[in-house]
Amino acid sequence: MDGDLLPIGQFARLGRLSVKQLRRYDELGLLVPAYVDEQTGYRYYRPAQAREALSIGLLRSLDVPLAVIGQVLSGTAGVLAGVRDDLEAELARRRRTIRTLERVMAEGLPSTQIRLVTEPARRVAIVRESAAGPQDIGRATSAAVARLGTGAPGLPVQLIGLFPIDLGDPVPVDVALVTGEPVSGAELDMLPGGVFACATHIGPYDQIPLTTHALLSWCAEHGHPVHGPIREVYVSDPATTAPEQLVTHLMIPLEEQS
């Protein structure tokens, strides 16, 4: 050990990191001490390592994950673009959450008219996507719709989203196209008919959980056991309809037809 080395406490102040952080970064191989005393286990650093320590602190303040910071420090190009994309996606999600919250603030907790409808069994082509969690359902649904194709006139009226009652991680997301014809990449199946509790949602797709809340509450209050999946029948074409005017029928099966 030479006189150029700094003990961990002094180096922590120089690099504007805590001793705990430095120990953690050492364990991860992100910022390794220049010398470790074999007898005491004390860590020592060189002053030249302060730039690296400060860089880590800067990147952490920008919400860059530690794994990505390691790539940045090693000179890997382009890795911060992915972090930026993730932050933009999170910002968009937060904005959607704010819009939904503002609707609750303006209108109160969701309450909507519920009606009972009888649906026939329908032949459908189904594709499945997997959502990483509840916040990823919108992306997975859009991906499933894209796989089914939307080029035929009036097609949005024939699309039905199928979602489980219990939302875990991951979430299976099915989208069905009402058709008796084969669709590339889709599985032909029969969508059961029966008696359904139905509510109509008018507004953006990301606010559908408000109407789902009202529908599930109605089922609970009226003593109806909730069976899945929840159906979302997409009436409007989002390509030609403003988000505030999108019409979606939400349906929960109460009694399956024999």
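Here are some questions and answers about this predicted model, going from its strands to its aromatic pairs, cores and a helix.

Q: Which strands pair with strand 7, and by how many bridges is each joined to strand 7?
A: Let's start with strand 7, residues 171–178, where six of the eight residues are buried. Strand 6 (residues 159–163) runs antiparallel to strand 7 and is joined to it by four bridges. Strand 5 (residues 122–131) is also antiparallel to strand 7, and the bridges joining these two number eight.

Q: Which residue of strand 7 stands opposite R128?
A: Strand 5 and strand 7 run antiparallel. Within strand 7, the residue facing R128 is D174.

Q: What are the bridge partners of G161 in strand 7 and in strand 10?
A: Strand 6 is joined to strand 7 by four bridges, and strand 6 also pairs with strand 10 in the antiparallel sense, over five bridges. In strand 7, G161 has V175 as its bridge partner. In strand 10, the partner of G161 is E232.

Q: Which residues of strand 10 point one way, and which point the other way?
A: In a regular strand, side chains alternate between the two faces of the sheet. Strand 10 covers residues 230–234, and five of its five residues are buried. One way point I230, E232 and Y234; the other way point R231 and V233.

Q: Why does the pair of F11 and Y45 count as stacked?
A: The whole structure holds three aromatic pairs. In the pair of F11 and Y45, the ring centres are 4.4 Å apart. Planes under 30 degrees apart count as stacked, and these two planes meet at 5 degrees, so the pair is stacked.

Q: How many residues apart are F11 and Y45 in the chain?
A: F11 and Y45 are both buried. F11 belongs to helix 1 (residues 8–15) and Y45 to strand 3 (residues 43–45), so-called distant parts of the chain, and their separation is 34 residues.

Q: What kind of pair do the rings of Y205 and Y234 form?
A: Y205 lies in the loop between strand 9 (194–202) and helix 7 (208–221), while Y234 is in strand 10, 29 residues away. Their ring centres are 5.5 Å apart. Because the planes stand at 75 degrees, the pair is edge-to-face.

Q: Is Y205 buried or partly exposed, and which is Y234?
A: Buried means under 20% relative accessible area. Y234 has 7%, so Y234 is buried. Y205 has 29% relative accessibility, so Y205 is partly exposed.

Q: Which helix gives the largest share of the largest nonpolar core?
A: This core has 19 residues, and F11, L22 and L31 have the most contacts inside it. Helices 1, 2, 3, 4 and 5 each supply at least two of its residues. The largest share, four residues, comes from helix 3.

Q: How many residues does the second, separate core have?
A: Nonpolar side chains tend to be buried together in soluble globular proteins. The second core includes A131, I137, A144 and Y234, and its size is 16 residues.

Q: Which helices do the buried residues of helix 5 pack against?
A: Helix 5 has 29 residues and reaches 43 Å from first C-alpha to last, close to the expected 42 Å. Among its buried residues are V79, V83, R93 and T100. The buried residues of helix 5 pack against helix 4 and helix 7.

Q: Which residue follows helix 5?
A: This residue has a positive phi, near 85 degrees, and is G108.

Definitions and conventions
Residues numbered from 1 in each chain as written. Predicted model: local features only at pLDDT ≥ 70, side-chain atom pairs only at ≥ 80, totals over all residues. Heavy atoms only, no water. Buried < 20%, exposed > 50% of the residue type's maximum accessible area, 1.4 Å probe, protein only. Pairing = 2+ DSSP bridges. Phe/Tyr/Trp six-rings, centres within 6.5 Å; stacked < 30°, edge-to-face > 60°. Core = buried A, V, L, I, M, F, W, Y, C linked by side-chain atoms within 4.5 Å. Expected span 1.5 Å × (residues − 1). Contact = heavy atoms within 4.5 Å.
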